Amino acid sequence: MNDLSARLQAIRDRISAAADRCGRDPAAIDLLAVSKTFPVEMIREAVEAGQLLFGENKVQEVLAKAPQLPANVAWHLIGHLQSNKVRKILPLVQCIHSIDSLDLARQVDRIAAELGLFPKVFLEVNLASESTKHGFSPEALRSSLEPLYAFKRLEVQGLMCIPPYDADPTQSRPYFIRLCQLRDELEQLGGAPLPQLSMGMSHDFEIAIEEGATIVRVGSALFGERTYLNAA
Ligand SMILES: *Cc1c(COP(=O)(O)O)cnc(C)c1O
């Protein structure tokens, strides 16, 4: 067994163990392998080891990588999406985790209609009001729910967050709890289910699972440390 397939198995085992600890079904938790900055060869190895769900944060990188990989690979966009790139990315991704404004939602809805698509989306929430991060504030999301649900092309799956980084992963727990509570509140308010929570990364995915994550976004724990050629 090569390194990557061993690391993949180790992460799957940790997902199952975390689910077992809190009485959840491990099959209800998807692993999104975050392959940003890593070469197609490594993604191919992961595909051969049975991983078919990959996350990228840049449109250009999906455009470059997707055509080189089998068609049964599913791509999720997890990084901020500029409205002038919506038309390019929509046909290539199955899901966008980073719908971070009403304007972007409107644009995705409009172009999806033109292209005949129904993209799955997550609404990104900036829980700590960090100026360096994108996302709706909880208040903005409450008041945007009605217009968001009027966009008939968007299949809203649920909420996504990226807590402030802290070397101690337990510091993420209060944010995961808040995202889950906000989800419950918005389900009441909007009268529509928001079944999915996209939360948890390499250092804190087990805690995210304990707090209800349905999809964890794991990069470096799987592929190794990233080196950025240009400051990203
Ligand atoms: C890079 C990235 C990840 C994965 O981060 P790791 O710490 O490498 O697991 C998850 N989510 C988003 C939005 C990212 O940009």
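In the predicted model, the buried positions of helix 1 are Leu-4, Ser-5, Leu-8, Ile-11, Ile-15, Ala-18 and Ala-19. These residues lie on the same side of helix 1, because they cover an arc of only 150° around the axis. Such spacing follows a general rule: an α-helix has 3.6 residues a turn, so residues three or four places apart point the same way. The opposite face, turned away from the buried side of helix 1, carries Asp-3, Asp-20 and Arg-21, which are exposed.

Helix 1 comprises 19 residues, from 3 to 21. The distance from its first C-alpha to its last is 27 Å, close to the 27 Å expected at 1.5 Å a residue. The packing partners of its buried residues are two strands, strand 1 (30-34) and strand 8 (215-218), together with helix 2 (40-48), helix 8 (205-210) and helix 9 (220-223). After helix 1 comes Gly-23, with a positive phi near 70°.

The surroundings of the ligand were examined next. Val-34, Lys-36, Ile-78, Ile-162, Met-201, Ser-202, Arg-217, Val-218, Gly-219, Ser-220 and Arg-226 surround the ligand. Oxygen atoms of the ligand take part in several short polar contacts. For Lys-36, the contact involves a polar side-chain atom, placed 2.7 Å from a ligand oxygen. Gly-219 contributes a polar backbone atom, at 2.8 Å from an oxygen atom of the ligand. In Ser-220, a backbone N or O atom is likewise found 2.8 Å from an oxygen atom of the ligand. The ligand taken alone exposes 390 Å², of which the protein buries 90%.

Positive phi values also occur at residues other than glycine. Thr-37, which is not a glycine, has a positive phi of about 75°. This residue is located in the loop between strand 1 and helix 2. Thr-37 counts as partly exposed because its relative accessibility is 31%, a value between the limits of 20% for buried and 50% for exposed residues.

A second such residue is Ser-129, also not a glycine, with a positive phi of about 50°. Ser-129 belongs to the loop between strand 5 (120-125) and helix 6 (138-149). With a relative accessible area of 63%, Ser-129 is exposed, as this value is over 50%.

Conventions: Residues are numbered from 1 along each chain as its sequence is written. This is a predicted model: local features need pLDDT of at least 70, side-chain atom pairs count only at pLDDT 80 or more; totals for chains, interfaces and linings use all residues. Side-chain values use heavy atoms; hydrogens and water are left out. Helices (H or I, at least four residues) and strands (E, at least two) are DSSP runs, numbered from the N terminus. The expected span of a helix is 1.5 Å times one less than its number of residues. Buried means under 20% relative accessible area, exposed over 50%, partly exposed in between (1.4 Å probe, protein chains only). The arc is that of the directions from the helix axis to the C-beta atoms. Contact means heavy atoms within 4.5 Å. A residue is near a molecule or strand if one of its heavy atoms lies within 4 Å of it. A polar contact is a pair of N or O atoms within 3.5 Å; within protein, one must be able to donate a hydrogen and the other to accept it, and residues adjacent in sequence count only if both atoms are side-chain atoms. Accessible areas come from the Shrake-Rupley method with a 1.4 Å probe; for residues, only the protein chains shown count as cover.
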